[in-house]
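Subject: the model, and what turned up in it

Hi,

Here is the structure I promised to pass on. Have a look at it first, and then read my notes below.

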Amino acid sequence: MTILIEDAKTQEYLASDGRWTKKPDQGASFATTRDAYAAAKIEPIGKFNIVLYFGDSKQFINMDHGSGKGG
């Protein structure tokens with residue numbers, strides 16, 4: 001299981017290098033949803049989702065949402 005930041009508009013995931021990717025397996029993983037939410041709030045994006053991603057089953061669970069510095 002990984003905790004990811006998803007751009008709600010583009011449905012891309014924030015990667016460790018600061019770029020955005022369509023592939024959740026390449027997204028930056030956060031230790032907690034609180035850490036992901038804090039990081040997302042300072043990103044230059046509009047609306048975002050914090051999601052749990054289960055790579056084995058390719059399943060997502062939406063945990064939280066909000067707006068970053070661009071929203």
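Let me start with the charged pair: Lys58 makes a salt bridge with Asp25, with 3.9 Å between the closest N and O atoms. By salt bridge I mean a side-chain nitrogen of Lys or Arg within 4 Å of a carboxyl oxygen of Asp or Glu. The two residues are 33 residues apart and link distant parts of the chain: Lys58 sits in the loop between strand S4 (47–54) and strand S5 (59–67), and Asp25 in the loop between strand S3 (20–21) and helix H1 (33–41). Those element names are DSSP runs numbered from the N terminus, with helices being H or I of at least four residues and strands E of at least two. Searching the whole structure gives one salt bridge.

Before I go on, the ground rules: this is a predicted model, so local features need pLDDT of at least 70 and side-chain atom pairs count only at pLDDT 80 or more, while totals for chains, interfaces and linings use all residues. Residues are numbered from 1 along each chain as its sequence is written, and side-chain values use heavy atoms, with hydrogens and water left out.

Are the two partners of the salt bridge buried or exposed? Lys58 is exposed at 51% relative accessibility, and Asp25 is exposed too, at 56%. The cut-offs here are under 20% relative accessible area for buried, over 50% for exposed and partly exposed in between, using a 1.4 Å probe and protein chains only.

Lys58 has something else going on. It has a positive phi of about 60° although it is not a glycine. It belongs to the turn of a hairpin formed by S4 and S5, with four residues between the strands. S4 and S5 run antiparallel and are joined by eight bridges; strands count as paired if DSSP finds at least two bridges between them. One of the partnerships is Lys47 with Ser67 in S5. Gln11 is another non-glycine with a positive phi, this time of about 55°, and it is found in the loop between S1 and S2.

Now the rings. A pair of aromatic rings is described by the distance of the centres and the angle of the planes. I counted rings of Phe, Tyr and Trp (its six-membered ring) as paired if their centres lie within 6.5 Å, with planes under 30 degrees apart called stacked, over 60 edge-to-face and the rest tilted. How many aromatic pairs does the whole structure hold? The search finds three. Among them is Tyr13 with Phe60, which is stacked because the centres are 5.8 Å apart and the planes are at 5°. Tyr13 lies in strand S2 (residues 13–14) and Phe60 in strand S5, so this pair ties together parts that are 47 residues apart in sequence. Tyr13 is buried at 6% relative accessibility, whereas Phe60 is partly exposed at 37%. Then there is Tyr37 with Phe48, an edge-to-face pair at 5.5 Å centre to centre and 65° between the planes. Tyr37 is in helix H1 and Phe48 in strand S4, so the parts tied together here are eleven residues apart in sequence. Tyr37 is partly exposed at 28%, and Phe48 is buried at 0%. Ring pairs also link Tyr13, Tyr53 and Phe60 into a cluster.

On to the helix. H1 has Ala36, Ala39 and Ala40 as its buried residues. Looking down the axis of H1, they fall within an arc of 100° (taken from the directions from the helix axis to the C-beta atoms), so they line one face of the helix. Their cover includes strand S1 (2–7) and S4.

Last, a residue you may want to look at: Asp7, in strand S1. Asp7 is buried yet has no salt bridge, and the nearest side chain of opposite charge is Lys9, 7.5 Å away. For charges, Lys and Arg count as positive and Asp and Glu as negative, with His and the chain ends not counted. Leaving out residues up to four places away in sequence, Asp7 touches Glu12, Trp20, Ile45 and Lys47, where contact means heavy atoms within 4.5 Å. Trp20 lies in strand S3 and is partly exposed at 26%. With the same sequence exclusion of up to four places, the contacts of Trp20 include Ile5, Tyr13 and Glu43.

Cheers
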